[in-house]
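Biologist: I should like a close look at a single part of this model, namely one helix and its surroundings. Please set out its partners, its contacts and its place in the interior in one connected account.

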Amino acid sequence: MPSSALISNLTQEWVESVLRWHLDLFSIPATVITLATLLADPVLLTCIFLSRALRQETRYLLMANTLTADMLFLVLNLAMVICNATRAQMSWLVCQLITAVTVTTNSCAILTITLMVVDTYAAVRWPLRYHDLLPPARTHRILLGVWVLAALYPLSLFIMMEVERESSHERVPVCLVLFSLGFIKDKKGWFYVYFSLVMVICAVLICVCYIRLYMVTRTQGIWQSRFSRARVTLLAHGVLLLLYFAPGFVFIMELYLFQRKSISQDLRVWVSTVNMCVFMLLPRAFAPYLYGLRYREISDTLMQWLHQHRRLSQTTV
């Protein structure tokens, strides 16, 4: 496990690079994007959970799970950004715990996004058996399993690191997921295997489902128009999936750069800061609009509530 002196030296060098390049300014777009997303996500979650019809649909339950994981991730990420920008001294134990929960929420979002594509394929491929295959009760169990699977490795790693560590009372001015995971030595191979395998399996599964969807529906005429709803939906989902998966591969590159002593410290700081303050936030910011509001049921429910609220306000006046 890393010594206190090693952690202190590394964080001090990191702070010097941040100050030299004025990278604290990235906390401004990170805060704006996070707050804007935290305003939109609860609205969609309210529409789903307060509507009995939407709560019975598997696709909306999956979307609600994605939005919930995204909100937890955004809150933790914003907390780390603000603490790092203000140089707030944080306990290494707390930093490790935040890291584990952040990795868990991000992994849960990736897994749920993958399940949303699989759900779409199942609904198109077996329309008559779809509701029997995925009733709401089974969907709830699947989502619980997703959270357990997403939390199993990060939390187990956190517990093992703290058990092996002699002291957890030191405080650090910078808390990053990169630091917590980059110091792993004995378990580094398993860590790379875990992240790489999850990303590759999810990406391949999504590609296979979309290819199969196209093959099943290409004779139905929904792809003939250049601006058909099917083409626009596929484009929107493709962009969103790219935004979700790209930061994960960038983070794997961060870990590689972190272990290479020949790489410039400034390059490491730039890549980590941009990924943390921009790339990780973009998919969460676009998800409510590219996924949520494109569903007619959600948009109709939202408009109905707005009209009811407006009529109630006029009646009260």
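Modeller: The account that follows is centred on helix H11 and then turns to other parts of the chain. The model is a predicted one, and every value below is computed from it.

Helix H11 spans residues 265-279. Two packed helices are described by the angle between their axes and the distance between the axes, and the partners of this helix are taken in that way.

The first partner to consider is helix H10, residues 229-259. The axes of H10 and H11 come within 10 Å and cross at roughly 160°. Since angles over 145 degrees count as roughly antiparallel, H10 is therefore roughly antiparallel to H11. The crossing in which H10 passes H11 is left-handed. On the H10 side, the contact is made by Leu243, Pro247, Val250, Phe251, Met253, Glu254, Leu257 and Phe258. On the H11 side, the residues that take part are Arg268, Val271, Ser272, Asn275 and Phe279. Sorted by class, the contact of H10 with H11 has nine nonpolar, two polar and two charged residues.

The next partner is helix H1, residues 4-21. The axes of H1 and H11 also come within 10 Å, and they cross at roughly 75°. An angle of 65 to 115 degrees counts as roughly perpendicular, so H1 is roughly perpendicular to H11. From H1, the residues Leu10, Glu13, Trp14, Ser17, Val18, Arg20 and Trp21 meet Gln265, Asp266, Arg268, Val269, Trp270 and Ser272 of H11. By class, the contact of H1 with H11 has six nonpolar, three polar and four charged residues. Arg268 and Ser272 appear in the contact with H10, and Arg268 and Ser272 are also listed in the contact with H1.

Within H11 itself, Thr273 deserves separate mention. Thr273 is buried, because its relative accessible area is 11% and buried means under 20%. Not counting residues up to four places away in sequence, Thr273 touches Leu23, Phe26 and Val278.

The interior comes next. In soluble globular proteins, nonpolar side chains tend to be buried together. The largest nonpolar core here has 39 residues, and Trp14, Leu176, Leu178, Phe179 and Leu181 touch the most other members. Helix H11 gives the most to this core, with five residues. Leu176 is in contact with Trp14, Asn84, Cys95, Thr99, Ser272 and Met276, leaving aside its neighbours within four places in sequence. Trp14 belongs to the H1 side of the contact with H11, and Ser272 to the H11 side. A second, separate core of 37 residues includes Leu67, Ile113, Leu240 and Ile298.

Next to H1 in the chain is the loop between H1 and helix H2 (27-49), and His22 lies there. Phi of His22 is near 55°, a positive value in a residue other than glycine. The relative accessible area of His22 is 57%, so this residue is exposed. A positive phi, near 60°, is also found for Arg87, again a residue other than glycine. Arg87 is placed in the loop between H4 and strand S1 (90-91). Its relative accessibility is 23%, so Arg87 counts as partly exposed.

Helix H4, residues 58-86, has a packing partner in helix H12, residues 282-292. The axes of H4 and H12 come within 10 Å and cross at roughly 165°, and the two helices are therefore roughly antiparallel to each other. H4 passes H12 in a left-handed crossing. The contact is made by Met63, Asp70, Phe73 and Leu74 of H4 together with Arg284, Ala287, Tyr291 and Gly292 of H12. By class, the contact of H4 with H12 has five nonpolar, one polar and two charged residues.

Two further residues supply reference distances. Asn9, in H1, is partly exposed, with a relative accessible area of 48%. Asn9 and Val163 are 154 residues apart in sequence, and their C-alpha atoms are 23 Å apart in space. His140, in helix H7 (residues 136-164), is partly exposed at 46% relative accessibility. The C-alpha atoms of His140 and Val269 are separated by 40 Å, with the two positions 129 residues apart along the chain. Val269 returns the account to H11, where this residue is part of the contact with H1.

Technical notes:
Residues are numbered from 1 along each chain as its sequence is written. This is a predicted model: local features need pLDDT of at least 70, side-chain atom pairs count only at pLDDT 80 or more; totals for chains, interfaces and linings use all residues. Side-chain values use heavy atoms; hydrogens and water are left out. Axes are lines fitted to C-alpha atoms, for helices over the stretch in contact, and angles run from 0 to 180 degrees between N-to-C directions. Helices (H or I, at least four residues) and strands (E, at least two) are DSSP runs, numbered from the N terminus. Angles under 35 degrees count as roughly parallel, over 145 as roughly antiparallel, 65 to 115 as roughly perpendicular and the rest as oblique. A crossing is left-handed if the near helix is turned anticlockwise from the far one by less than a right angle, and right-handed if clockwise. Contact means heavy atoms within 4.5 Å. Ala, Val, Leu, Ile, Met, Phe, Trp, Tyr, Cys and Pro count as nonpolar, Asp, Glu, Lys and Arg as charged, and the others, Gly among them, as polar. Buried means under 20% relative accessible area, exposed over 50%, partly exposed in between (1.4 Å probe, protein chains only). A nonpolar core is a set of buried Ala, Val, Leu, Ile, Met, Phe, Trp, Tyr and Cys residues joined through side-chain atoms within 4.5 Å.
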